[in-house]
Amino acid sequence: MKNSLKNILRKELRELLRDKKSLAMMLVIPIFIPLVIMGMSALFEMQMNKDVKQYNKIGFVYELAEEEKNIAQEMNVEVINGTEEELKQKYDKDEINLYVTKQNKQYIIHTNGSENSNYAKQLVENYFNVYKQSLQQQYLQNNHINANEVLDIIKVEEEVEEKQNFFANYIKNYTFLFIIMAITFSATYPSTDTTAGEKERGTLETLLTFPIKAKDIIIGKFLGVTISSIITGVISLILAIITLVMAQNMFTIYEEVNIVYEPINMVFAMVIIVAYSFFISGLCIAIASTSKTFKEAQSTLTPLTFVSFFPGMVAFMINISATPLLSIIPFLNYTLIYTDMINGKIDYWNIVLMLISTIIYIGIVLKIIIKQYQSEKILFSK
């Protein structure tokens with residue numbers, strides 16, 4: 001039995017290394033990981049270092065007081081006066097970034113939510129906060145009240161134990177989603193070729209006539225695809241680590257922050273990658289085995305790429321944390337546990353549940369496939 005399994009695994013690996021498409025899926029797709037990290041880092045850098053002159057043209061329906069003009073000048077706010085109708089026309093023509101109207105002591109900021117308008121809105125809100133504080137100080141001084149005793153009646157300080165970086169965590173999480181997608185891509189082609197492909201070429205029928213148990217054939221094919229997936233995941237993770245080191249030296253948004261994976265994070269990232277590789281390889285083989293042709297199997301497996309990416313992306317966007325229940329839900333559990341880990345929360349119970357559920361799912365899938373291969377339908381379903 002052991003020799004049969006070894007021979008099947010050796011055959012699958014040999015064919016995998018000879019197939020240029022399989023090698024491309026396994027080795028080339030991870031190259032996109034550095035592009036994702038560098039591209040997103042450059043985008044965040046550009047947003048953080050955006051020139052204030054790109055969003056500082058602010059329209060005011062009313063005439064600013066002298067104090068307001070001084071604050072606007074200090075904050076690089078370019079003041080443009082006019083009637084509400086005039087300013088609205090200029091805003092529609094993108095000549096100003098937003099405009100402000102006034103009703104008694106109520107100020108209304110008019111904006112459409114575009115990128116530049118959001119930057120301008122933040123600038124104007126800061127401007128009004130400074131102006132409000134100035135008016136408060138003047139009022140208290142006019143009434144012979146110590147402004148510092150009133151405005152600074154309490155002090156709030158923040159002590160950060162370990163400096164976190166939003167951009168680094170965001171990029172790490174999205175990078176992992178792309179690693180998951182790369183592993184899925186890497187598993188789909190060899191799974192298709194070793195099942196539906198062999199069936200279409202007639203080599204599977206020959207293989208099943210040998211004195212080899214169907215169990216050994218399936219496990220050998222499964223391990224071959226899994227090894228391919230793990231290699232893709234490991235290469236992707238290594239490239240991600242190298243690129244993060246390069247990005248830290250290239251972009252100012254990562255200054256004074258260590259964005260490289262901690263050793264414990266790398267270990268658990270590898271555990272998740274291996275677990276997911278086993279899971280997705282078994283699932284791909286199960287789906288491809290039901291197809292009659294290579295093309296049909298490819299079409300059937302295509303949606304799996306989006307299924308592997310979408311749940312994790314949604315969970316990350318709405319900031320869901322892993323729970324014991326979510327830790328056993330396929331696809332979602334791997335991303336949630338990884339996200340928690342990046343945020344400094346390592347729950348060993350959730351990790352154990354993820355591993356146990358993965359083993360159970362793989363066992364169920366392999367049992368179904370072995371039954372398929374023991375049936376004559378696998379030979380005559382052309």
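**Exercise 1. Determine the handedness with which α4 passes α6 in this predicted model, and characterise the contact**.

*Solution.* Step 1: the crossing of α4 past α6 is right-handed. Step 2: on the α4 side, the contact is formed by E67, E68, I71 and A72, and on the α6 side by Y127, V130, Y131, S134 and Q138. Step 3: sorted by type, these contact residues comprise five nonpolar, two polar and two charged. Step 4: the axes of α4 (residues 66–74) and α6 (residues 115–142) come within 10 Å of each other and cross at roughly 140 degrees. Step 5: α4 is therefore oblique to α6, as angles count as roughly antiparallel over 145 degrees.

**Exercise 2. State how β1 and β2 are joined, and trace the chain between them**.

*Solution.* Step 1: β1 (residues 57–60) and β2 (residues 78–81) run parallel and are joined by four bridges. Step 2: G59 has I80 of β2 as its bridge partner. Step 3: from β1 the chain passes through α4 to β2, giving a right-handed β-α-β crossover.

**Exercise 3. Establish the strand order of the sheet and identify which strands stand at the edges**.

*Solution.* Step 1: the open sheet has four strands in the order β2-β1-β3-β4, with mixed pairing. Step 2: β2 and β4 (106–110) each have a single partner strand, so one side of each lacks a neighbour in the sheet, and these two are the edge strands. Step 3: from one strand to the next, the twist averages 30 degrees. Step 4: β3 (residues 98–103) pairs with β4 in the antiparallel sense over five bridges, and Q103 has Q106 of β4 as its bridge partner. Step 5: α5 (residues 84–92) lies across β1, β2, β3 and β4, at about 160 degrees to β3.

Methods. Residues numbered from 1 in each chain as written. Predicted model: local features only at pLDDT ≥ 70, side-chain atom pairs only at ≥ 80, totals over all residues. Heavy atoms only, no water. Axes fitted to C-alpha atoms, helices over the stretch in contact; angles between N-to-C directions. Parallel < 35°, antiparallel > 145°, perpendicular 65-115°, else oblique. Left-handed = near helix turned anticlockwise from the far one by under 90°. Contact = heavy atoms within 4.5 Å. Nonpolar A, V, L, I, M, F, W, Y, C, P; charged D, E, K, R; others polar. Pairing = 2+ DSSP bridges. Right-handed = clockwise from strand over helix to strand, strands pointing away.
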